[in-house]
Structures are given as C-alpha cells and as structure tokens.
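Here is a small set of exercises, each with a worked solution. Grab a viewer, try each task yourself, then read on.

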Amino acid sequence: MKKSKIAVASILLCGSMLCSSCIGSFGLWNQLKSWNQNIGHKFVNEIVFLAFHIIPVYEVSYLVDVLVLNSIEFWSGSNPLADVGSVKVIEGENGEYLVRTNKDGYTITKKGEDNSLNLVYNDEKNTWNAVCNDTSYELMTMNENGTITVKLQDGSSLTVNPDAEGLAQVRTASENTYLYNAN
C-alpha cells in the first residue's frame, strides 16, 4: 500500500514537471470562438454555438490546438495561427500607424495614407526584409549561432548578439552611417 502511494506520487510529480508551462495560445480555438461571437445577432451566435457542439467543431479545434498547434508553439516559439490577420493601432511620433500581422511578417500603414511598408520574414534565408513599392531591402539575417547580422544604410553589415548591448551597437553604427552619408 505504501509503495503504491509513493509510486503514484512519483508519477504525478514527474508528469507535472513534463507538462509545466506548456499552455499555449490556443490560436485555432480562439479564432473560431471570435468568429462565432462576431457573426451576427446573439440568437444566431447561440444557434451556431450549439450546432458546433452537436457537430464537434469546437471539440476538434480544441484537440488540434492541444495536440498539434500548441506543441508546435512550445517547440518553435510561435503558433502558426496566432494573431494572423489582426490589426493594431500604434501611436507614433508622426501620427497613428496600423500594423497588420501577416503569415510571414507585418504590414505597416500610416493612418490616412495608401502607401505601406511590409516587413517580410524569408524562412529559407532566415532574413527579415522591408518591401516598399515592389522593391525589397534586406534588413537583417538571423544566423545559426544565435547572432544577428544587420545591414546598414551605407551597404556594410554588423553582426551583434540579440540583446541590449547589440541594439546599442546597431544604433551607434546607424547614427554614424547617417552622419557619414550627410557629408
């Protein structure tokens, strides 16, 4: 009896260590729920809600999130469905900007203007690129060793660590580049 209690306690303890902090964002289930909440009148929402429980749409989406998408999010650091298509308003020094999350990056548009800037991640090359008016500029490369190589305005590049010191190095180098180009 005593050995079985110790065995059960050990299994529970080991299981809790394996499952800690792997909650995930539940992107698929949350998108389905948000869609249902915004399709119309509250009675229509309730009918769809009940139908999605009779035909187990909610249950299947929850299971896909738990077993597949949240596992991908845990191991890769990002959920393939999280926030895609969402638009946020950011207050900047020169006005408000709309930032839309895309599958491969972001689209930034100044409120009231038509021109936009796309920040696109190229998965094959591990690069972030700025795309404006059908012209692409490579901004940075994510290196295999964890460092980042940033392309400066004068055409040179700088490799830094992704921390506060690396950011300070890039800012200093960018300021020197601007001063160099001004002369």
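**Exercise 1. Which residues does Val 170 contact, leaving aside its neighbours within four places in sequence?**

Solution. Take contact as heavy atoms within 4.5 Å. With that rule, Val 170 reaches Val 150, Leu 158 and Val 160.

Next, look for a core. A nonpolar core here is a set of buried Ala, Val, Leu, Ile, Met, Phe, Trp, Tyr and Cys residues joined through side-chain atoms within 4.5 Å. Buried means under 20% relative accessible area, exposed means over 50%, and partly exposed is in between (1.4 Å probe, protein chains only). The largest such core has 6 residues, and Val 170 is one of them, together with Ile 148, Val 150, Leu 152, Val 160 and Ala 173. Strand β7 (148–151) and helix α5 (164–182) each supply at least two residues of this core. As background, nonpolar side chains tend to be buried together in soluble globular proteins.

Before going on, some ground rules. This is a predicted model, so local features need pLDDT of at least 70 and side-chain atom pairs count only at pLDDT 80 or more, while totals for chains, interfaces and linings use all residues. Residues are numbered from 1 along each chain as its sequence is written, and side-chain values use heavy atoms, with hydrogens and water left out.

**Exercise 2. Lay out the elements of the chain, then work out how much is buried.**

Solution. Start with the count: 5 helices and 8 strands. These are DSSP runs numbered from the N terminus, with helices being H or I of at least four residues and strands being E of at least two. Read from the N terminus on, the order is α-α-α-α-β-β-β-β-β-β-β-β-α.

Then turn to burial: 19% of the 183 residues in the chain are buried. The chain exposes about 13700 Å², with carbon and sulfur atoms supplying 60% of it; accessible areas come from the Shrake-Rupley method with a 1.4 Å probe, and for residues only the protein chains shown count as cover. Finally, among contacts in the chain with a separation of 6 or more, residues 24 or more positions apart account for 19%.

**Exercise 3. Is Thr 149 buried or exposed, and which side chains does it make polar contacts with?**

Solution. Place Thr 149 first: it sits in strand β7. Its relative accessible area is 12%, so it counts as buried.

Now the polar contacts (pairs of N or O atoms within 3.5 Å; within protein, one must be able to donate a hydrogen and the other to accept it, and residues adjacent in sequence count only if both atoms are side-chain atoms). The Thr 149 side chain pairs with that of Asn 143 at 2.9 Å and with that of Thr 159 at 3.0 Å. Beyond four places in sequence, the contacts of Thr 149 also include Leu 139, Met 140 and Ser 157.

**Exercise 4. Track down the salt bridges and say what each one links.**

Solution. Use this rule: a side-chain nitrogen of Lys or Arg within 4 Å of a carboxyl oxygen of Asp or Glu. The count comes to 2.

Glu 96 pairs with Lys 111, with the closest N and O atoms 3.0 Å apart. That links distant parts of the chain, 15 residues apart: Glu 96 is in strand β2 (residues 95–102) and Lys 111 is in the loop between β3 (105–110) and β4. Both are partly exposed, Glu 96 at 30% and Lys 111 at 46%.

Glu 138 and Lys 151 form a salt bridge too, at 3.6 Å, N to O. This pair joins strand β6 to strand β7, across 13 residues. Glu 138 is partly exposed at 34%, and so is Lys 151 at 35%.

**Exercise 5. Where is Asn 133 found, and what is its phi near?**

Solution. Asn 133 is in the loop between β5 and β6 (135–142). Its phi is near 50°, a positive value in a residue other than glycine. For reference, most residues other than glycine have a negative phi. Asn 133 is exposed, at 62% relative accessibility.

Now check Asn 126, in the loop between β4 (116–122) and β5 (127–132). Asn 126 has a positive phi as well, about 55°.
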